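I set down here, entry by entry, what I looked up in this structure. The sequence and coordinates come before my notes.

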Amino acid sequence: MLSKQLQTKLWSSSINSLDLEKDKVLIVHKVLSYGDMSDLEALFKIYNLKKLQHIFLTEPMNVYTKSGLSFTKDLVLDMESTFVEEQAYVKNLYWYFWSE
């Protein structure tokens with residue numbers, strides 16, 4: 001069961017209707033991107049680090065700022081040496097114009 005405190009991070013759905021397995025990608029990315037330390041603590045009670053890393057790497061979601069992606073990947077998920085394609089994670093309408 002999801003903590004009620006996470007509802008503000010998962011505003012697109014009611015937490016009562018979310019399934020921890022079926023909706024794990026949405027839950028993980030939204031909380032990693034928009035959550036504070038207490039939200040991250042709640043997330044780690046639901047999914048262990050290995051599961052969070054797996055979801056993060058295999059099912060990217062375009063919800064992070066560039067600095068938020070670095071913080072999440074390097075510090076929260078302890079994957080500093082792991083390369084990820086920023087375009088798959090960073091929400092930036094101008095990405096393609098400025099990446100060259």
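The entries below go from conventions to a helix, its aromatic neighbours, a histidine and the charged side chains.

**Conventions.** I worked from a predicted model, in which local features need pLDDT of at least 70, side-chain atom pairs count only at pLDDT 80 or more, and totals for chains, interfaces and linings use all residues. Residues are numbered from 1 along each chain as its sequence is written, and side-chain values use heavy atoms, with hydrogens and water left out.

**Entry 1: helix H3.** I took helices as DSSP runs (H or I, at least four residues), numbered from the N terminus. For burial I used relative accessible area with a 1.4 Å probe and protein chains only: buried is under 20%, exposed over 50%, and partly exposed in between. I then asked which residues of helix H3 are buried. In H3, which spans residues 49-58, I found Leu-52, Gln-53, Ile-55 and Phe-56. Viewed down the axis of H3, these buried residues fall within an arc of 165 degrees, so they line one face of the helix. The arc is taken from the directions that run from the helix axis to the C-beta atoms. I recall the general background: an α-helix has 3.6 residues a turn, so residues three or four places apart point the same way.

I next looked up what the buried residues of H3 pack against, and noted helix H1 (24-34), helix H2 (37-46) and helix H4 (66-76). Contact here means heavy atoms within 4.5 Å. At the start of H3, I noted that a side-chain oxygen of Asn-48 comes to within 3.1 Å of the backbone nitrogen of Lys-50.

**Entry 2: aromatic pairs.** I searched the whole structure and recorded four aromatic pairs. The criterion pairs rings of Phe, Tyr and Trp (its six-membered ring) with centres within 6.5 Å; planes under 30 degrees apart are stacked, over 60 edge-to-face, and the rest tilted. For Phe-56 and Tyr-64, the ring centres are 5.9 Å apart and the planes lie at 75 degrees, so I entered this pair as edge-to-face. Both Phe-56 and Tyr-64 are buried. For Phe-56 and Tyr-89, the centres are 4.7 Å apart and the planes lie at 25 degrees, so I entered this pair as stacked. The stacked pair links distant parts of the chain, with Phe-56 in helix H3 and Tyr-89, 33 residues away, in the loop between H4 and helix H5 (95-98). Tyr-89 is buried, as is Phe-56. I therefore logged Phe-56, Tyr-64 and Tyr-89 as a cluster linked by ring pairs.

**Entry 3: His-29.** I located His-29 in helix H1. Is His-29 buried or exposed? Its relative accessibility is 0%, so I counted His-29 as buried. For polar contacts I required a pair of N or O atoms within 3.5 Å; within protein, one must be able to donate a hydrogen and the other to accept it, and residues adjacent in sequence count only if both atoms are side-chain atoms. The His-29 side chain reaches the backbone oxygen of Glu-59 at 2.7 Å, and makes a polar contact with the side chain of Tyr-64, also at 2.7 Å. With neighbours within four places in sequence left aside, I listed the contacts of His-29, including Ile-55, Phe-56, Pro-60 and Tyr-89.

**Entry 4: charged side chains.** I counted five salt bridges in the structure, each defined as a side-chain nitrogen of Lys or Arg within 4 Å of a carboxyl oxygen of Asp or Glu. Asp-39 and Lys-9 form one of them, at 2.9 Å from N to O. Asp-39 lies in helix H2 and Lys-9 in the segment before H1, so this pair ties together parts that are 30 residues apart in sequence. Asp-39 and Lys-9 are both buried.

Glu-21 forms a salt bridge with Lys-24, the closest N and O atoms being 2.7 Å apart. I noted Glu-21 as partly exposed at 45% relative accessibility, and Lys-24 as buried at 15%.

Asp-74, in helix H4, meets Lys-73 in a salt bridge at 2.7 Å, N to O. Lys-73 is buried, with a relative accessible area of 10%. Residues up to four places away in sequence not being counted, Asp-74 touches Met-79 and Glu-80.

**Entry 5: Asp-78.** I found Asp-78 in the loop between H4 and H5, exposed at 57% relative accessible area. Its phi is near 55 degrees, a positive value in a residue other than glycine.

Technical notes:
Helix = DSSP H or I, 4+ residues; strand = E, 2+ residues; numbered from the N terminus.
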